[in-house]
Amino acid sequence: MPPPPPSNEKGTIASVLHSSPKHVPLLTSRKITPQVLTNWEHACRVYFKEKDVANAKKVAKVTGGLQDELVRDWYFNDADTLDALSWANFLKEMRKRWLPKGWVDRTLTDLLRSRQRDDEPFEDWVISIEKLNTLLRGTTAHLDNTHLRTQICAAACEELRILCDEDTLKDVEDYRDWKNAVIASDVKHLRDRLRILKLLGTKGKPTGGSTAASSASGQPGEKGDRPPRLTKDEKELLRKYSGCFTCRKFFVDHQSKTCPNGYPKGAGYRTLTMSNVNSTKAKSDGKENQKPRVAAVTDDNTASDGEAEVVAAVVNGSPLAATSGILGTGSDSDNSEYVLASVSVPHIPWSAVIHLLGVGYSDPLPMLINSGSTTVLIRESLVASLNLRRWKLPHPKAMGSAWADKEEVATEFVKLHVSSPNFAWSSVTCHAIIVPSLCSPVILGRPFLKSSHLVVDHNCDTIVDKRTEQNILDTTPPAPCPDVYQFTTDGSISAVLAVRERVEELARRDALLAENDAVKLKFANLFPDNIPDLVRLPDDIFHRFVLKDPHNPVKNPRLDGPSDGEFCPSGTRRPTSADGRKVSV
């Protein structure tokens, strides 16, 4: 058997070594993860098949490859019992003992929360979903092809999600054929998306984790042609005049981590000096003096409600202005195009439920998303109706005209925890200031958006959670999943778990009511109907003592003693019979 590589000694995750099917697979020392245990299981099956190992001897054959001291000690302490187990039951014991508690729920949560991005190939995303599902093999959380297909349809990008609802794909029964058909449609979807981006003259934004070098892919200074390292004087100039350390240009609005230009060519590069700053500034000043033509256009047709239509001008440099045949009047002028805009747009409404401590949840309530508000506000009447606990603010907060023309002072707040009506998304608990009156029951301001990692897109009217890329305004019900419970760590609640908790709460309530009726029936004689109501009882009397009459003397009890002559000479009493007659001794 080959020895483990030295690099494994410095790692934190165990690894599987199996150089030949004839050798016993080695599970090295360090932390065991679901992926490592799955790889070890596969290597053991290859060894069993090569050596034709009997079922009764499988466990005893491969446990010699356990190299971690704690795992070996666990095995040796109960070797006879473990060797007698079947291979499937032994794997269950391994997972139960050495994998972190709750790993099944966390893995299932990662699978159910995975969402496909618009620029992400469907094939790559599905492979990541299927790999997560393989880790759940042998557990009750493992998704079969039917449930996996349902989950993929629900979590795919919007265009593919609509495509999955069409009859052409619904009629495909085989999972592999269905996946190939969606992959083919996704290739066309990505091709059309790239064509639209090229038409608009924009590029797809890089995904998370991009660096200056990766964003400069294809630039002449990326591989072997980069300029020399920046000197101390060059760095000082770039810092002072808003420069970028990657493209080495002055007066730019980006940094090196998000540089879209890449490194300049190394050939012919000259050290940056103050003359470069002056020349760049002169060019920018010259561009500012060339004012583009901006026009204000009004519509002759007045709206029925009396509101005038307002038109905003799009000046030079707009990507949409390049498509002159699509927007505006079709003029050949490249200087300006015109886009109609409204005077005002409505607020972003949202319906959500409020978590009530120890009671459950409220009914869905209308709430207002306001990204311009610096606080979260809640109406005082709503606090009273839901019986929410009030907390004192550290310092009274002066409020402007949020609910009245004059200035008011707020002194109390509540802890607010909300979820979407289908419980597909939950927020982080935040503080909501109590106000006497409000245009909406709850106004969710920036503290709510910031603590829950929400990004408001005013163009698309969406509110997306950065952690899960989930639009909380989406009312699509969650995809069905098997009878397992999903526990999350970022505040979100599974719909299945919420339904279970609600059913158990109702069952406990019915059991308590039934027990209350049974106790009342059992002790009915102790609760007559003429007992006065509690509100009618005096509140200044706690107990009443009845004293005996002092004029009625207590008579001393008289004890009958032996009469004279009833004693024997020895001093003892003469015995008598049951009827009182004396008995001779």
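Contact here means heavy atoms within 4.5 Å, and the tour below uses the word in that sense while moving through a predicted model.

**First stop: T462 and its sheet**

Select T462, which sits in strand β15, residues 462-465. With a relative accessibility of 18%, T462 counts as buried, because the cut-off for that class is under 20%. If you leave aside the neighbours within four places in sequence, the residues in contact with T462 are V455, V456, D457, N471 and L473.

Now widen the selection to the open sheet of three strands, whose order is β14-β15-β16 and whose pairing is antiparallel. The edge strands are β14 (454-457) and β16 (470-471), each of which pairs on one side only. Between β15 and β16 the antiparallel pairing runs over two bridges, and if you pick V464 you will find its bridge partner in β16 at N471.

**Second stop: helix α8**

Move next to residues 122-135, which form helix α8. This helix has 14 residues and spans 21 Å from its first C-alpha to its last, close to the 20 Å expected at 1.5 Å a residue. Show the side chains of F122, W125, V126, I129, N133 and L135, which are the buried residues of α8. To see what covers these buried residues, display helices including α2 (34-51), α7 (103-113), α9 (145-155), α10 (158-164) and α12 (175-200).

Keep α8 and α12 on screen together and look at how they cross. Two packed helices are described by the angle between their axes and the distance between the axes. For α8 and α12, the axes come within 9 Å and cross at roughly 145°. On the α8 side the contact is made by F122, E123, V126 and E130, and on the α12 side by Y175, K179, V182, I183 and D186. The residues of this contact between α8 and α12 divide into five nonpolar, no polar and four charged.

**Last stop: the cysteines**

Finally, select C244, C247 and C259; how many disulfides does the structure hold? The structure holds zero. The closest cysteine sulfur to that of C244 belongs to C247 and lies 3.7 Å away, which is too far for a bond because a disulfide requires the two sulfur atoms to be within 2.5 Å. C259 is likewise in no disulfide, its nearest cysteine sulfur being that of C244, at 3.8 Å. Color by accessibility at this point: C244 counts as buried at 0% relative accessibility, and C259 is buried with a relative accessible area of 0%.

Note on methods: Residues numbered from 1 in each chain as written. Predicted model: local features only at pLDDT ≥ 70, side-chain atom pairs only at ≥ 80, totals over all residues. Heavy atoms only, no water. Helix = DSSP H or I, 4+ residues; strand = E, 2+ residues; numbered from the N terminus. Expected span 1.5 Å × (residues − 1). Buried < 20%, exposed > 50% of the residue type's maximum accessible area, 1.4 Å probe, protein only. Axes fitted to C-alpha atoms, helices over the stretch in contact; angles between N-to-C directions. Nonpolar A, V, L, I, M, F, W, Y, C, P; charged D, E, K, R; others polar. Pairing = 2+ DSSP bridges.
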